[in-house]
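Q: Could you take a close look at one helix in this model for me, including what surrounds the helix and what follows it? A connected walk-through would be great.

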Amino acid sequence: MNKFMGTLLGTTAFFALSACAESETTAQNSDQNHALTEVTSPDGRTVVKLVAGNGQTTYSVSRDGEEIVAPSPLGFAFKNMAPLGGDMKVVEANIAASDTTWEQPWGERQFVRDNHKELFVKLAEKDGKHRELNIRFRVFDDGVGFRYEFPKQQGIDSAIITNEITGFQFDDASTAWWIPGREWNRYEYLYNESPLKDVKEAHTPITLKTTGGKYVSLHEAALVNYSGMTMLKNPDGSFEANLAPWPNGDKVRTEGEFTTPWRTIQISDTAYDLMKSDIILNLNEPNKLGDVSWVEPSKYVGIWWEMHLAASTWGSDGKHGATTENTKRYIDFAAENGFKGVLVEGWNIGWDGNWYENGDVFSFTQSYPDYNLPELAKYAKERGVQIVGHHETSGGISNYEAQMDDGFDLFEKMNISQVKTGYVADAGKTHHTEADGTKHYEYHDGQYVVDHHVRVLESAAKRKISINSHEPVKDTGLRRTYPNWISREGARGQEYNAWGDPGNPPSHTAILPYTRMLSGPMDFTPGIFDLLFEEAKPNNRVETTLAKQLSLYVVIYSPIQMAADLPENYGKHADAFQFIKDIPTDWAESIPLAGEIGDYAVIARKERGGRDWYLGGLTGDNARDYAQELTFLEEGVSYEAQVYRDADDADWKSNPYAMAIYKETVKKGDTLKLPMAAGGGFAVRFKALD
């Protein structure tokens, strides 16, 4: 089997336990017709309990005896039949164990261990039509995933879900880091830090710190043919899974049997341990695409930041950025500095006028007259570079799908293997049009758009094209199943520093590793070297030091990384630019080392296919004296530590460019002193010497 087809290593053991098996039991109380079923994690620290009967089916989660999720309801409300999940009985319960290792074609680490215990419970109504509902729990050492499996049953050909009765009863005194759900700007908000009781509705992942000191992230995995969920506050203070609706209020439309996404609860003892979790990936299906060796992690530059600075425009009705001449300039820069791709936005017909409000204007095959795609594709290929394609839809799903195959055919012909897609539309304003002209508006995480993204991936894969989605549905680990979903946005990125009011504060990128980044890669577009841009945007700036911009390449993971600034700005800091040229984007291993949410984050990564390590750290609002023991390096090997850190007098406000760049020889067990300024950071390459 080709190694990129998802090789499984290790062993799997499955077993069923009888009704009285020690701590993992299925017990039946005949007097109350009440069933208690529980399963523990492999290390025994986490316990999940399911209780059926007495009018409600509930589950709970505890860790080291601390209640993480208090008893919370399970079930559904339907449009075309009675609710399901109330007075039910356990028909069958089985516990199994699995311990396997599988290989990622690309990722934060090459090999992923999937070690869990599974509880499968078959429920049936005690009265009425005796409908069935199955619930599957998988309990890992670092958390829990569970999903519903609605089996095929007589008399039920379809189901319209109007509410998923999945509750999450946390301690409302927990501290939460969250962004609001179902607001106009999708996921692109600054994070709030507040008591959980102050959260009304939040997108996931949402991260909590319990009063007992545990860290918890709530999210979902394998969002397919379903609607995305937010956490919605109930009047009693609990939360429920609130699904994105169709225009008429339906939440999910199904035919026959169906399976929901996994609801995930990651649990750790420290904030940075959350970053070690592979639960989201492990709960997704293996690679469906076969050999995906054509999916290539890489770095790119592009015609993008200059538009955000208003130095050029996307449309031809201004100072058009996507011209043949300008693109050749970027191709030359990429070739000279070892970058694989050149992103070009604004190349195609449709950007003139009010494109933001009308996604039906774009052509995905016709260039503006001043942009010669065949000439540029040939020019790039001669220099060992590829054009990175761009498809902005403005939320016009029908218009895009009508042209999508032709657009990908064109890019395949032009040797373009990566495409950035965009869905710039307010939440609830993506749309599709019926044959009679009726327009339906959808949420970015509604069932229709969720299914659309899969159609895009499948169409692109036929042409060996990878997709980088912006204004997307949130990441739920589908990159395992569709490895050509190489990255996405899905949070407030670098562009807000050019025009945001406010821009991204120093704490923003010290929160992302513990929230948004737990779901998967983010195309944050780091590497801005002109931090002030006084001429272009005198009222805006980047609220980091220059060293922190380098640290983002290590801390904010993506298999594709952009050097986002204008080419001329890198020449002014050629010594710092060397780190961006050197760092890879594909990793054999990633080890979070230290951090607290909003304060700082430190992570080490080892390059895939090589021996070098990279270390990155960044801070929020406060400076930090930091020293790192080099425990992760290979024993017996000397390394040249190439250090890029804040100078002693650096500060993002008053002295952002001050940087210390030096080299020293180190080995495993040595300690590097790496002080970080307010809004600062460091980046280190450890080059193996022997």
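A: Happy to! Let's start where the helix stops: Lys-464, just after α6, takes a positive phi of about 55 degrees. Do keep in mind that this is a predicted model.

Now step back into the helix itself. Helix α6 covers residues 447-462, which makes 16 residues. At 1.5 Å a residue it should span 22 Å, and its end C-alpha atoms are 23 Å apart, so the expected span and the computed distance agree.

How much of α6 is buried? The helix is mostly covered, with twelve of its 16 residues buried. At the start of α6, the buried residues include Gln-447, Tyr-448, Val-449 and Val-450. Further along, His-452, His-453, Val-454, Val-456 and Leu-457 are also buried, and Ser-459, Ala-460 and Ala-461 complete the set. Buried here stands for under 20% relative accessible area.

And what does the covering? Among the elements that cover these buried residues is a helix, α5 (397-413). Strands take part as well: β21 (252-255), β28 (430-433) and β29 (439-442) are among them, as are β30 (466-470) and β31 (485-488).

To put the picture together, α6 is a mostly covered helix whose end-to-end distance agrees with the expected span, with α5 and several strands among the elements covering its buried residues, and with Lys-464 at positive phi just after it.

Definitions and conventions. Residues numbered from 1 in each chain as written. Predicted model: local features only at pLDDT ≥ 70, side-chain atom pairs only at ≥ 80, totals over all residues. Heavy atoms only, no water. Helix = DSSP H or I, 4+ residues; strand = E, 2+ residues; numbered from the N terminus. Expected span 1.5 Å × (residues − 1). Buried < 20%, exposed > 50% of the residue type's maximum accessible area, 1.4 Å probe, protein only. Contact = heavy atoms within 4.5 Å.
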